[in-house]
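Here are some exercises to work through with the structure open beside you. Try each task before you read its solution.

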Amino acid sequence: MNRTIKSFLYPYAIWIAIMIVIPFFLIFFYSITQSRPDSPAIFRFTLKHYREFFKTENINILSKSVLLAVETTVLCLLLGYPAAWIIAKTKANVQNVILLLFILPMWINMLLRTYAWQVILGRTGILYTDAAVVIGMIYNFIPFMVLPIYTAITKIDKSLIEAANDLGANSKEAFLKVVFPLSMPGVVTGIVMVFLPAVSSFAIPRLLGGGQYVLIGNLIEKQFYLLNNWNFGSAISVILMILILISMRFMKKSGEMGGKGGAIPW
Amino acid sequence: MVKGLKLQHKIYLGLMFLFLYAPIFVLVLYSFNESEAMGRWTGFTLKWYNELFRNDTIKNAFYYTIVCAIISTIVSTIFGTVAAIGIYYHKKRVQDYVLNVNYLPVINPDIVTAVSLMILYISVGIQRGFTTMVLAHIMFSTPYVILSVLPRLQAMDPNLIDAAQDLGATPLQAVRKVIIPEIMPGIVSGMLIAFTMSIDDFVISYFNTSGGVTNLSIEIFNMAKRRVKPTVNALATIMVAVVVMFVFIINRIGSKKKIEYRLKEEEK
Amino acid sequence: METSEIKSTSYTVNKIKSYNQGSVKSNKPLIEIINLSKEFDGEIVLKEINLTIKENEFLTLLGPSGCGKTTILRILAGFVSPTNGDILFEGKSILNLPPNKRQVNTVFQRYALFPHLNVFENIAFGLRLKKKKDDEIVAKVKQMLRLVKLEGFESRNVNSLSGGQQQRVAIARALVNEPKVLLLDEPLAALDLKLRQEMQYELKEMQRETGITFIYVTHDQEEALTMSDTIVVMNSGLIQQVGTPIDIYNEPKNRFVANFIGESNIIPGQMVADYKVRFENQIFDCVDRGFHPNEPIDVVIRPEDLLIVDKDSAPLVGVVDSVIFKGVHYEICVIVNGREYVIHTTKSARIGDVVGLTVEPENIHVMEVEGVGNE
């Protein structure tokens, strides 16, 4: 009976097959092949691009990217959690205004805002350092930490906190034993939403780290735009994808322990 | 402004907002600065605005950005809504397959999505330009529309569709008269996400266009890499003004609706 | 009563009243369910159901959750197609008709009112689909609002209504389409006790006024007994018994029906001869006959039919085990020969008292033992 409505899916199924699945396999294909320079149609399978990646200089780039992303994520959490908690505590009508003020900068072009940091940091003298890159990433990604945590906190049933108080918990204990554990799904979502763009970002390190500054994102860009080495670029992309899938798996597990469902702010 | 909060909480929020708004303030301020070098105030001028309006590269980029955002938003909203309704009516197994693929552009780093699409275009021999950019935008926005519409569908009482058909609606009428109004908030938020993402996109556009077609993000990136002129600040100021105006209008509409709603509540 | 008359009925309250005065229930079959079976993922939900539903009937499908009653309703409405069997509507199969083409409307369990439409537009939904003229729609919706006693609620948001009011809108929304049959899926389940009783009365009233066949699904035996002309008791996808409320209550066909409809004391015994039954080593007079001599049977006695009498003249003697005050009556448990008897009586007793129990012959109901009597 609902065959008509079921068929609504088919155009999209074809679309994602062409635009998502095939490119996905293409990247994988390029990462394990090498074609002859004179005739690109002739290729052979090889793992040399992956071997290439495991050279010290590239591993250093990867570990630096991960390190900076972890730093960014941790700082976003430390700075963002209190903010989310304070916002959740304000009155409903004020809350909306504060939230709006939080989201508003996100609507201004990311590159413009990053460029503004070039100006500010240029005066302090830390421009083109790791610190500058981390500040730029925190600035760009902190709303993605605050909003899910805020959503998770507001979803907590007020009577649970009252129950904790009733059972003898003071407000600090109630926070530690009730509010914080129940806000975990929001924290997990926040961590994912900050870590993912941070680890692969390439515009922020480029603008705040300088032209010679290379993170994993920049390394990929270089292969495609500068060196025209698609095979190696694809191999790095595959490794980055695997890295992210592993960390997602890991976060999903800890998210399930903290409660069901992530809180995406939209 | 924030009543009932402790002083240290107010200070904390205040510092947070200082952090969030300082760069924007700097951008706006130096758009009126006489000197070309940023960081030193030498006097008020509007010449950068004048220069901005005469800059064809920026005007073109602006045009492409807006047109691309409008087309990709309309297409991905319709496409995503229709697909979400289709997904909802399929068995769990089919749903899982489609949603897993649908998730790929969401969790994959933008740069990976970007280069994979670029490889596709080049392998098939499609010249990259405006069309490929729009297609790329549709590709990465539609999953967000689906993810924002689907929960609405799942939250909907499944009997509503039965009820509509029971009262004489064909499946298509049931979709139009019951499902669409029911999931409208999801469609609207999906549309807003699609629009914002398209306007703001840099990485995916950067890899999937060429031949002089750019968007604002790409232009800003190219300018920021080199020595920057305050024309960029002028552009930023205009964008801030547009965003603030937009928010103001939305808020006015919102509060008007709120008042109407309250009046209705009081009637009871 | 003629079919043509029913077809021409528009549900003006006055018109219906005059039309229904002194009417006798028609015996014409409206719906015939033939060998209907349904499997969901290999699980059998309905097993070869056969049932005839007459015009103007208030028929209730009664049974515990999962017994298949709602599935029958959904098959009738067209939301589910059966694995096997057929459904005839006025003699013609309707299995290939989509829900929107069937002359059947449904009142859903949780009402399924359209949240984006107000009361008026909810009720007008079906009429608008049929592209009726505006003044006709207004007139019909007003009529319906009068019928369900919601005049003046036209522009209200359906979410602002109480459960009982939403219920009425759901009924009006279905009835305005002038269906031949109204399907009601546990429509009162979400209401509180008092409102439920009120609505039971009103539903019965509406059915009488409109003359529409009601097929009502519930797990509440009291609801079924109060409203129905016919009750169909179901369990595990099978029809257990079909009959009037009085039949079902007084002459349950098997243990399941006896237990499901009201409380019962079920005691194993034998038929000694026609009108003579033995249980608890005593022979009682009864009104049943037609069993083999000494055939094992089950005796059903309703708690209100057991009388506490002086122990010296009583056939059964036992000790009071518990006494619970239930408002109108006491629920007393008496142990006789190690078996527990539940008694509803207005007179109290003391725990530990030795009392006599007796029962009138017409209150002893004999039923076949399951699996034995079917041979």
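The exercises below deal with a predicted model, and each one comes with a worked solution.

**Exercise 1. Get an overview of chain A: how many helices and strands are there, and what share of the residues counts as buried?**

Start with the secondary structure: chain A has 13 helices and 2 strands. Next, take the extent: along the principal axes, the C-alpha atoms fill a box of roughly 75 × 70 × 30 Å. Then turn to burial, where 50% of the 266 residues of chain A count as buried. For the surface, chain A exposes about 12700 Å², and 67% of that comes from carbon and sulfur atoms. Finish with the contacts: among those in chain A with a separation of 6 or more, 70% are between residues 24 or more positions apart.

**Exercise 2. Check helix α4 of chain A against the span expected for its number of residues.**

Helix α4(A) covers residues 56-89, which makes 34 residues. At 1.5 Å a residue the helix should span 50 Å, and its end C-alpha atoms are 49 Å apart, so the two values agree. Now look along the helix for a bend: α4(A) turns by about 30 degrees at Gly80(A). A proline, Pro82(A), follows within four residues of that point.

**Exercise 3. Do the check again for helix α8 of chain B: what would a straight helix span, and where does α8(B) bend?**

Helix α8(B) takes in residues 171-200, and a straight helix of 30 residues would span 44 Å at 1.5 Å a residue. The end C-alpha atoms of α8(B) span only 38 Å. Now for the bend: α8(B) bends by about 60 degrees at Met184(B). Here too there is a proline to note, as Pro185(B) follows within four residues.

**Exercise 4. Which residues make the nonpolar surface patch of about 490 Å², and which helix gives the most to it?**

List the members: Ile70(B), Ile71(B), Ile74(B), Val75(B), Ile78(B) and Phe195(B). Helix α3 of chain B (residues 56-88) is the biggest contributor, with 5 residues. Take Ile71(B) as a sample, since that residue is in helix α3 of chain B and has a relative accessible area of 35%. Patch residues need over 30% relative accessible area, and Ile71(B) at 35% counts as partly exposed.

**Exercise 5. Of the 23 salt bridges over all chains, work through three. Where do their partners sit?**

Begin with Lys59(B) and Asp56(B), whose side chains meet at 3.9 Å, N to O. The two are 3 residues apart in helix α3 of chain B, so about one helical turn separates them. Lys59(B) is partly exposed, with a relative accessible area of 43%.

Move on to Asp162(B) and Arg74(C), with their closest N and O atoms 2.8 Å apart. Asp162(B) lies in helix α7 of chain B (residues 159-166) and Arg74(C) in helix α3 of chain C (residues 69-77), so this pair joins two chains. Asp162(B) is buried, at 10% relative accessibility, whereas Arg74(C) is partly exposed, at 25%.

Now take Glu154(C) and Lys142(C), 3.7 Å apart at their closest N and O atoms. Lys142(C) is in helix α5 of chain C and Glu154(C) is in the loop between α5 (134-147) and α6 (163-175), so the pair ties together parts 12 residues apart in sequence. Glu154(C) counts as buried because its relative accessibility is 18%, with the cut-off being under 20%. Lys142(C), at 38%, is partly exposed. While you're in chain C, note a network too: salt bridges with shared partners join Glu121(C), Arg128(C) and Asp134(C).

**Exercise 6. Asp41(C) and Asn337(C) are not glycines, yet have a positive phi. Where does each one lie, and is it buried or exposed?**

Take Asp41(C), with a phi of about 50 degrees. Asp41(C) sits in the loop between β1 (29-40) and β2 (43-54) of chain C. At 85% relative accessibility, Asp41(C) is exposed.

Then go to Asn337(C), where phi is about 50 degrees. Asn337(C) is in the loop between β17 (330-336) and β18 (339-345) of chain C. With a relative accessible area of 59%, Asn337(C) is exposed.

Definitions and conventions:
Residues numbered from 1 in each chain as written. Chains lettered and ligands numbered in written order. Predicted model: local features only at pLDDT ≥ 70, side-chain atom pairs only at ≥ 80, totals over all residues. Heavy atoms only, no water. Expected span 1.5 Å × (residues − 1). Bend = angle between axes of the 7 residues up to and from the residue. Patch = residues over 30% accessible without salt bridge, like charges linked within 9 Å, V, L, I, M, F, W, Y side chains within 5 Å. Areas by Shrake-Rupley, 256 points an atom, 1.4 Å probe, with all protein chains shown as cover. Salt bridge = Lys/Arg side-chain N within 4 Å of Asp/Glu carboxyl O. Buried < 20%, exposed > 50% of the residue type's maximum accessible area, 1.4 Å probe, protein only. Contact = heavy atoms within 4.5 Å.
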